[in-house]
Amino acid sequence: MGKLTVVFGAVLAAVGVTGYVETGIKAPTALIPMYIGLVLAIAGILALKPERRMLWMHIAVTVGALGFLGTITGVIGVVKMAMGKSVVRPVASIEQFATCVICAIFVAFCGRSFIAARRARVAVTAEG
């Protein structure tokens, strides 16, 4: 999961930089996904060491969950735009939507991984 976390971090960084460029390099808040991605990438790199994997992956999934929760409003904005209504900051809505979806997928992957790791630990304990 460490390598996958780095990939998700890189994707979020790309979303942030793209959003910043799309705003004409005038909205520094468009870089928020980049910062989330940076934290995920660092946590993913640190999770490559087996003795620290659990700690750093739990930190990463917490950041991903907060990223998801913090960008849910973007979903509302994109739905409004899909219905033909206007929103105040369309680029921000699209960027928040993308961040929300990426973070949701990341959290789902982490959940599956945590369940698999738990089952593997229980199986080893039951055998021994």
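In which loop is Thr71 found? Thr71 sits in the loop between helix 3 and helix 4, the latter covering residues 72-82, and this residue is a convenient place to begin a walk through what is a predicted model. Although Thr71 belongs to a loop, it is buried, because its relative accessible area is 9% and the cut-off for burial is under 20%. Setting aside the residues within four places of it in sequence, Thr71 is in contact with Gln96, Thr99 and Cys100. With the last of these there is also a polar approach, since a polar atom of the Thr71 side chain lies 3.3 Å from the backbone nitrogen of Cys100.

From this residue one can step back to the whole chain. The protein chain contains five helices and zero strands, so that its pattern, read along the sequence, is α-α-α-α-α. Along the principal axes, the C-alpha trace spans about 60 × 30 × 15 Å. Of the 128 residues in the protein chain, 28% count as buried, and the chain exposes about 7900 Å², of which 72% is supplied by carbon and sulfur atoms. As for charge, there are 12 positive and 4 negative side chains, and the centres of these two sets lie 6 Å apart. Among the contacts in the chain with a separation of 6 or more, 64% are accounted for by residues 24 or more positions apart.

The interior comes next. In soluble globular proteins, nonpolar side chains tend to be buried together. In this model the largest nonpolar core has 15 residues, and those with the most contacts inside it are Leu12, Leu40, Met57, Ala60 and Phe106. The elements that give two or more residues to this core are helix 1 (2-22), helix 2 (32-46), helix 3 (53-70) and helix 5 (90-127). Which residues does Leu12 touch, not counting those up to four places away in sequence? They are Pro33, Met34, Ile36, Gly37, Leu40, Thr99, Ile102 and Cys103; of these, Leu40 is itself listed among the core residues with the most contacts, while Thr99 has already appeared as a contact of Thr71.

At the start of the chain, Met1 is placed in the segment before helix 1, and it counts as partly exposed because its relative accessibility is 28%, which falls between the limits of 20% and 50%. Apart from neighbours within four places in sequence, Met1 is in contact with Met57, Phe106, Phe109, Cys110 and Ser113, and this list includes Met57 and Phe106, two residues named above for their contacts inside the core. Met1 and Ile115 are 114 residues apart in sequence, and their C-alpha atoms are 13 Å apart in space.

The loop between helix 1 and helix 2 holds Ile25, a residue other than glycine whose phi has a positive value, near 55°. Is Ile25 buried or exposed? Ile25 counts as exposed, because its relative accessibility of 51% is over the 50% limit.

Two further residues concern helix 4 and helix 5. Ile76 has its place in helix 4 and is partly exposed, with a relative accessible area of 48%; its C-alpha atom is separated by 8.4 Å from that of Phe97, which is 21 residues away along the chain. Ser93 lies in helix 5 and, at 9% relative accessibility, counts as buried. Leaving out residues up to four places away in sequence, Ser93 touches Gly74, Gly77, Val78, Met81 and Val87.

Technical notes:
Residues are numbered from 1 along each chain as its sequence is written. This is a predicted model: local features need pLDDT of at least 70, side-chain atom pairs count only at pLDDT 80 or more; totals for chains, interfaces and linings use all residues. Side-chain values use heavy atoms; hydrogens and water are left out. A nonpolar core is a set of buried Ala, Val, Leu, Ile, Met, Phe, Trp, Tyr and Cys residues joined through side-chain atoms within 4.5 Å. Buried means under 20% relative accessible area, exposed over 50%, partly exposed in between (1.4 Å probe, protein chains only). Helices (H or I, at least four residues) and strands (E, at least two) are DSSP runs, numbered from the N terminus. Contact means heavy atoms within 4.5 Å. Accessible areas come from the Shrake-Rupley method with a 1.4 Å probe; for residues, only the protein chains shown count as cover. Lys and Arg count as positive and Asp and Glu as negative; His and the chain ends are not counted. The place of a charge is taken as NZ of Lys, CZ of Arg, CG of Asp or CD of Glu. A polar contact is a pair of N or O atoms within 3.5 Å; within protein, one must be able to donate a hydrogen and the other to accept it, and residues adjacent in sequence count only if both atoms are side-chain atoms.
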